[in-house]
Amino acid sequence: EEHLESGHATSRRALDRIVAAPDVSIEDLSKSLGSSRGELSRRVHRDWGVPLVELRARTKLMRFIRAVDAGQEFTRAALDADFGSYAQCHRVFQRVLRCSPSQYVRLAKKG
């Protein structure tokens with residue numbers, strides 16, 4: 001949490017806007033923050049340690065996980081989390097968490 005408070009104001013505002021609307025385009029995000037796309041990407045990467053597109057993907061992933069944990073069906077949760085499809089969500093899930101959503105649910109129920 002201390003790291004979040006230390007980020008540049010532009011990075012913090014970008015994170016706030018991505019959390020509120022993960023489907024916001026990087027172009028719209030940078031324009032709304034008065035920054036160029038490249039400048040915003042560099043600042044976010046420097047402050048949060050991940051590229052801007054990865055920050056957006058992880059934010060969507062957290063929305064998906066919360067929806068699934070609340071009992072929502074995978075495809076509906078993926079679409080509600082602003083993934084374009086369940087397949088896209090599954091790829092991000094595998095890459096970030098190194099397991100499938102169904103494996104995650106099984107492990108969460110055991111724990």
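Helices (H or I, at least four residues) and strands (E, at least two) are DSSP runs, numbered from the N terminus. By that count the protein has eight helices and zero strands.

This is a predicted model, in which local features need pLDDT of at least 70, side-chain atom pairs count only at pLDDT 80 or more, and totals for chains, interfaces and linings use all residues. Residues are numbered from 1 along each chain as its sequence is written, and side-chain values use heavy atoms, with hydrogens and water left out.

**Stop 1: the whole chain**

Show the C-alpha trace. Along its principal axes the trace spans about 45 × 30 × 20 Å. From the N terminus on, the elements run α-α-α-α-α-α-α-α. Of the 111 residues, 36% count as buried; buried means under 20% relative accessible area, exposed over 50%, and partly exposed in between (1.4 Å probe, protein chains only). A contact means heavy atoms within 4.5 Å. Among contacts with a separation of 6 or more, 47% are accounted for by residues 24 or more positions apart.

**Stop 2: L15**

Select L15, which is found in helix α2 (residues 9–20). Is L15 buried or exposed? L15 is buried, with a relative accessible area of 18%. Now add R56: the two residues are 41 residues apart in sequence and 8.5 Å apart in space, C-alpha to C-alpha.

**Stop 3: helices α5 and α7**

Two packed helices are described by the angle between their axes and the distance between the axes. Axes are lines fitted to C-alpha atoms, for helices over the stretch in contact, and angles run from 0 to 180 degrees between N-to-C directions.

Select α5 and α7. These two pack at an angle of about 105°, with their axes 10 Å apart. That makes α5 roughly perpendicular to α7. Angles under 35 degrees count as roughly parallel, over 145 as roughly antiparallel, 65 to 115 as roughly perpendicular and the rest as oblique. To see the contact, show E54, A57, R58, L61, F64 and I65 of α5 together with Y86, C89, V92, F93, R95, V96 and L97 of α7.

**Stop 4: helices α7 and α8**

Keep α7 (residues 86–97) and add α8 (residues 101–110). Here the angle is about 60° and the axes are 9 Å apart. That makes α7 oblique to α8. The contact is made by Y86, H90, F93 and Q94 of α7 and by P101, Q103 and Y104 of α8.

**Stop 5: salt bridges**

Side chains of opposite charge can pair when their charged atoms come close. A salt bridge is a side-chain nitrogen of Lys or Arg within 4 Å of a carboxyl oxygen of Asp or Glu. How many salt bridges does the structure hold? The structure holds five salt bridges.

- Select R95 and E54: the closest N and O atoms of this salt bridge are 2.7 Å apart. The pair links distant parts of the chain, with R95 in helix α7 and E54 in helix α5, 41 residues apart. R95 is partly exposed, with a relative accessible area of 42%, whereas E54 counts as buried at 11% relative accessibility. Add R58 to the selection, since E54, R58 and R95 are linked in a network of salt bridges.
- Select R37 and E27: their closest N and O atoms are 3.4 Å apart. R37 lies in helix α4 (residues 37–48) and E27 in helix α3 (residues 26–32), so the pair ties together parts that are ten residues apart in sequence.
- Select D80 and R76: their closest N and O atoms are 3.1 Å apart. Being four residues apart in helix α6, D80 and R76 are separated by about one helical turn.

**Stop 6: A78**

Stay in helix α6 (residues 74–80) and select A78. A78 is buried, with a relative accessible area of 0%. Leaving aside neighbours within four places in sequence, A78 is in contact with F64, F83, S85, Y86 and C89.

**Stop 7: K60**

Finish in helix α5 (residues 52–69) with K60. K60 is buried yet has no salt bridge. Lys and Arg count as positive and Asp and Glu as negative; His and the chain ends are not counted. The nearest side chain of opposite charge, D82, is 6.5 Å away. Show the backbone of D82 as well: its oxygen lies 3.2 Å from a polar atom of the K60 side chain. A polar contact is a pair of N or O atoms within 3.5 Å; within protein, one must be able to donate a hydrogen and the other to accept it, and residues adjacent in sequence count only if both atoms are side-chain atoms. Leaving aside neighbours within four places in sequence, K60 is in contact with P22, D23, A81, D82 and F83.
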